[in-house]
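Thanks, everyone; I would like to spend a few minutes on the ligand site and then on the enclosed empty space. Please have the model open while I talk.

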Amino acid sequence: EAAILATSQNYPIVPLGGGQAYTYGTAGFRMKAELLAPICFRVGLLAFLRSAFMNSQTIGVMVTASHNPAPDNGVKIVDPMGEMLEQDWEKYATALVNAATDQELVKIFNRIASELKINLKLPTKVICGRDTRPSGPKLVAALTDALAATNTEFINYGWLTTPQLHYLVRATNTEGNPLSYGKVSEDGYYEKLADAFIRAMNGRKINGTLTVDCANGIGAPKLIKFLKSLPQDKVNFIVKVVNDNVVKPDVLNLNCGADFVKTKQRAPLSPEPVPSGRSCSFDGDADRLIYYWTDAEKRFSMLDGDRISSLAALFLGNLVEGAGLKDELRIGVVQTAYANGASTAYISQHLKLPVICTPTGVKHLHHVAQNFDIGIYFEANGHGTVLFSPDALSALKTTAPQSPAQKDCLDILLALSDLINQTVGDAISDMLLVEVILAHKGWTLSDWAMTYMDLPNRLVRIEVGDKDLFKTTDAERRLSRPQGAQDEIDNEVKKFKNARSFARASGTENACRVYAEAATWSEANELAERVARIIE
Ligand code: 16G
Ligand code: ZN
């Protein structure tokens, strides 16, 4: 306690004028990096409490601002199984961070400990990683000070992708037990992926070169390490890594990366696209993935998170059928309101799989996906993964194949359960999944795109005085506040064919977002603008 008080003096919290408070949002605390050191110090205190509360299990802390501009940064906590911090605890994070003085901080710290009956004498352990932002080391130093003040064992892994940190947290907590998630090292992560990738390929060949835009972020050095660890005699995977400049801080996420490609619906400004070449983009912390190509006439086509989700649903559904487990394993897909209506129709009507819609934010999708034996979840922005339940894993391991074809299906499914990150969306792992599926099907990106036609759509960002006036229900698809607004939206939607539109408050900035889709581009635009006028 004395140690916390003493160290805390070095990290005075900067009050956010106007009666505003810091909040642990969808992506932890995220803002201009200058404000973050005291927040990281306090998040360190919470990580200590969480580790003690979870009976000495290891907790993760990731310092990143993902796809946001280079001057921003952020910090979030990872729970023992590699999942996002349990939602019930977000309020404790918010309470600690908003304590006005050092004394009040200690008071809140003690109050949380006694409220949750946390034994503060237990050994505790925290591991951390950070992206390539230059503000990272200072923020990790603040975290280190908090962990020293609480006598917490601490490993700083330095540069990691967000999903690598999630991997390491789970691997640390399962080390030496039958549910071991893999070796507790960055190399262990590459080994696990490389081995699973080769098994999942099952001798198939990959066509042509894949160009990977790494958003000038952490994905670049990590992807290069992965490729070095891949035995080239076992799989011919030719990758060209571009936008890999992690030395010049201001180019991070600038005119490139998954968020740029998805929101601008265009290829990165550089390099010049190879006509009809296969490309994909990661975001700044390598947990999002978007595929695309540009044809000889310079027409751009994109395959986003909804496309990855429906591709995975198609492939996994066929494998489960081939493995003879169709009646045993429940496959389902989880999306948000942003999912293109054509993808929802394809999955539910054509693939005949259940689709559930949840509010935005990975934590919501992840928890719903866990209710399936094979739960596929992706946000349209390219963040997502596929979760295998313990029942699914044991069925795959214990089913005795009656034919070589059935054995192949079982083997490939098991390989995919190792290849696909079970903790969080992972651009490297998801990219390998897509490459496996395309290789098995012998598909180009345009074959993949032909599975269905996306509905034209438009997303608009609207500055509002107070976004908290906007409240939603029905997984963010309807506004419950302000009163009457939803009726007005319904009224506009009615005037268009195949149309859908919704408005929601952003969870990451003080703005509202309006999404609209309709039968044609001009109608989607028109509808988005009309709904935007209702919100303004
Ligand atoms: C966060 C979420 C992302 C979501 C985005 C929505 C995580 C790890 N990240 O970045 O999944 O799509 O917020 O932002 O959950 P918005 O609320 O500003 O639209
Ligand atoms: Zn990200």
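Let me begin with Arg504, where an N or O atom of the side chain is 2.8 Å from an oxygen atom of ligand 1, and please keep in mind throughout that this is a predicted model. Two further side chains reach the ligand through polar atoms: that of Thr508 lies 2.4 Å from an oxygen atom of ligand 1, and that of Arg513 lies 2.6 Å from an oxygen atom of ligand 1. Taken on its own, ligand 1 has 450 Å² of accessible area, and the protein covers 91% of that.

The surrounding shell also includes, among others, Thr26, Met84, Glu379 and Asn381, and by class its residues come out as two nonpolar, seven polar and three charged. Because domain 3 (305-424 + 434-449) and domain 4 (457-535) both contribute residues to this shell, ligand 1 lies between them.

Now to the cavities, of which the whole structure has four of 30 Å³ or more. The largest cavity holds about 60 Å³ of space, and its lining includes Tyr167, Tyr181 and Tyr189 together with Lys192 and Asp418. Helix H7 (186-201) and helix H14 (404-419) are the elements that each give two or more residues to that lining, with H7 supplying the largest share, three residues. In terms of class, the lining of the largest cavity has six nonpolar, one polar and three charged residues.

Which domains does this lining draw on, with at least three residues from each? They are domain 2 (187-302) and domain 3 (305-424 + 434-449), and domain 3 is also one of the domains that give residues to the shell around ligand 1.

Terms used:
Residues are numbered from 1 along each chain as its sequence is written. Chains are lettered from A and ligands numbered from 1 in the order in which they are written. This is a predicted model: local features need pLDDT of at least 70, side-chain atom pairs count only at pLDDT 80 or more; totals for chains, interfaces and linings use all residues. Side-chain values use heavy atoms; hydrogens and water are left out. A residue is near a molecule or strand if one of its heavy atoms lies within 4 Å of it. A polar contact is a pair of N or O atoms within 3.5 Å; within protein, one must be able to donate a hydrogen and the other to accept it, and residues adjacent in sequence count only if both atoms are side-chain atoms. Accessible areas come from the Shrake-Rupley method with a 1.4 Å probe; for residues, only the protein chains shown count as cover. Ala, Val, Leu, Ile, Met, Phe, Trp, Tyr, Cys and Pro count as nonpolar, Asp, Glu, Lys and Arg as charged, and the others, Gly among them, as polar. Domain bounds come from an automatic or database domain assignment. On a 1 Å grid over the protein atoms alone, a cavity is a set of points where a 1.4 Å probe fits but cannot get out, and a pocket is an open set with protein on both sides within 12 Å along at least five of seven lines; lining residues have an atom within 4 Å of a point. Grid points are joined across faces, edges and corners, and a volume is the space filled by probe spheres set on the points. Helices (H or I, at least four residues) and strands (E, at least two) are DSSP runs, numbered from the N terminus.
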